[in-house]
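Before reading on, please look over the sequence and the model together. The report below goes through helix packing, aromatic rings and charged side chains in turn.

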Amino acid sequence: MRKSGPPKGLIAYLVLELLEEKPRYGYEILKEIREISGGHWEPSYGSVYPILYKFEEKGWAERIERKDEPDRKYFELTDDGRAELEERRESGSEKARDFADVILGFFHVYAAFSTDDRFEIPEMEGEWCFDEEFSRWVVEQVVRHYEHYFETEFERIEETPEEFADRHGIDPDDS
């Protein structure tokens, strides 16, 4: 179970992937991550720029000068950076559980606010609500994204989480 936020190393991994595509500057990376997330998530400047400087220090990226934009700090992936990216790609599946835990955890909290009598969050006109209708909307958006990215209709999985883990050989207690 994750404590909070995106899985450790996710932002750094995304920065490496984006730098492999082409040289970029920090704000451009932030905008690209926001676009990748469908506008739902944008890391802070305080997370991306230190990553770029760390990559530069480790020799994974280097600053490049662009005559058309001399005031921007562009970073380009080095050969060592490409090697690091390959290592992170190979270990990427280890992050999948953390990422799923974040997604499921946030939805569980949202649903708890909607249904648990201990929480009394007032509904405000024109704002999001913690209720069944908005909860259904969140799930509907997840299904729509699934169908968009996998180009198929969503089919329910009837297995319990334990049955699913067993079928895939996943130890549910392994964290």
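What follows is a description of a predicted model, arranged by element and by type of contact.

**Helix α2 and its surroundings**

Helix α2 covers residues 26-36, and its buried positions are G26, E28, I29, L30 and I33. These buried residues pack against two helices, α1 (10-21) and α3 (45-58), as well as against the strands β1 (24-25) and β3 (74-77). After α2 comes G38, a residue with a positive phi near 70°.

Strand β3 is also one boundary of a loop that begins after β2 (61-64), and D71 lies in that loop. Because its relative accessibility is 76%, D71 counts as exposed, the cut-off for that class being over 50%. From D71 to F164 there are 93 residues in sequence, and the C-alpha atoms of these two residues are 52 Å apart in space.

**Aromatic rings**

A pair of aromatic rings is described by the distance of the centres and the angle of the planes. The structure contains 13 aromatic pairs. In one of them, Y27 and Y45, the ring centres are 6.0 Å apart and the planes meet at 15°, so this pair is stacked, given that planes under 30 degrees apart are assigned to that class. The pair links distant parts of the chain, since Y27 belongs to helix α2 and Y45 to helix α3, with their positions 18 residues apart in sequence. Y27 counts as partly exposed at 35% relative accessibility, and Y45 likewise counts as partly exposed, at 45%.

Which arrangement do the rings of Y146 and F154 adopt, stacked or edge-to-face? Their centres are 5.4 Å apart and their planes stand at 90°, so the pair is edge-to-face. Y146 is partly exposed at 31% relative accessibility, and F154 is partly exposed at 37%.

Ring pairs also join Y27, Y45, Y49, Y53 and F75 into a cluster, which therefore includes both members of the stacked pair described above. In a contact of another kind, R66 lies over the face of Y74, at 4.3 Å from the ring centre.

**Salt bridges**

Over the whole structure, a search finds 17 salt bridges. Three of them are listed here with the separation of their closest N and O atoms.

| Acidic residue | Basic residue | N to O separation |
|---|---|---|
| D79 | R82 | 3.7 Å |
| E132 | R136 | 3.7 Å |
| E159 | R167 | 2.6 Å |

The partners D79 and R82 both lie in helix α4 (residues 79-90), where they are three residues apart, or about one turn of the helix. D79 is exposed, with a relative accessible area of 63%, whereas R82 is partly exposed, with 35%. In helix α6 (residues 132-150), E132 and R136 are four residues apart, which is again about one turn of the helix. Of this second pair, E132 counts as exposed at 59% relative accessibility.

For the bridge between E159 and R167, the accessibility class is not shared by the two partners: E159 counts as partly exposed at 26%, while R167 counts as exposed at 52%. Finally, the residues E17, E20, E86 and R89 are linked in a network of salt bridges.

How values were computed
Residues are numbered from 1 along each chain as its sequence is written. This is a predicted model: local features need pLDDT of at least 70, side-chain atom pairs count only at pLDDT 80 or more; totals for chains, interfaces and linings use all residues. Side-chain values use heavy atoms; hydrogens and water are left out. Buried means under 20% relative accessible area, exposed over 50%, partly exposed in between (1.4 Å probe, protein chains only). Contact means heavy atoms within 4.5 Å. Rings of Phe, Tyr and Trp (its six-membered ring) pair if their centres lie within 6.5 Å; planes under 30 degrees apart count as stacked, over 60 as edge-to-face and the rest as tilted. A charge sits over a ring if NZ of Lys or CZ of Arg is within 6 Å of the ring centre and within 35 degrees of the ring normal. A salt bridge is a side-chain nitrogen of Lys or Arg within 4 Å of a carboxyl oxygen of Asp or Glu.
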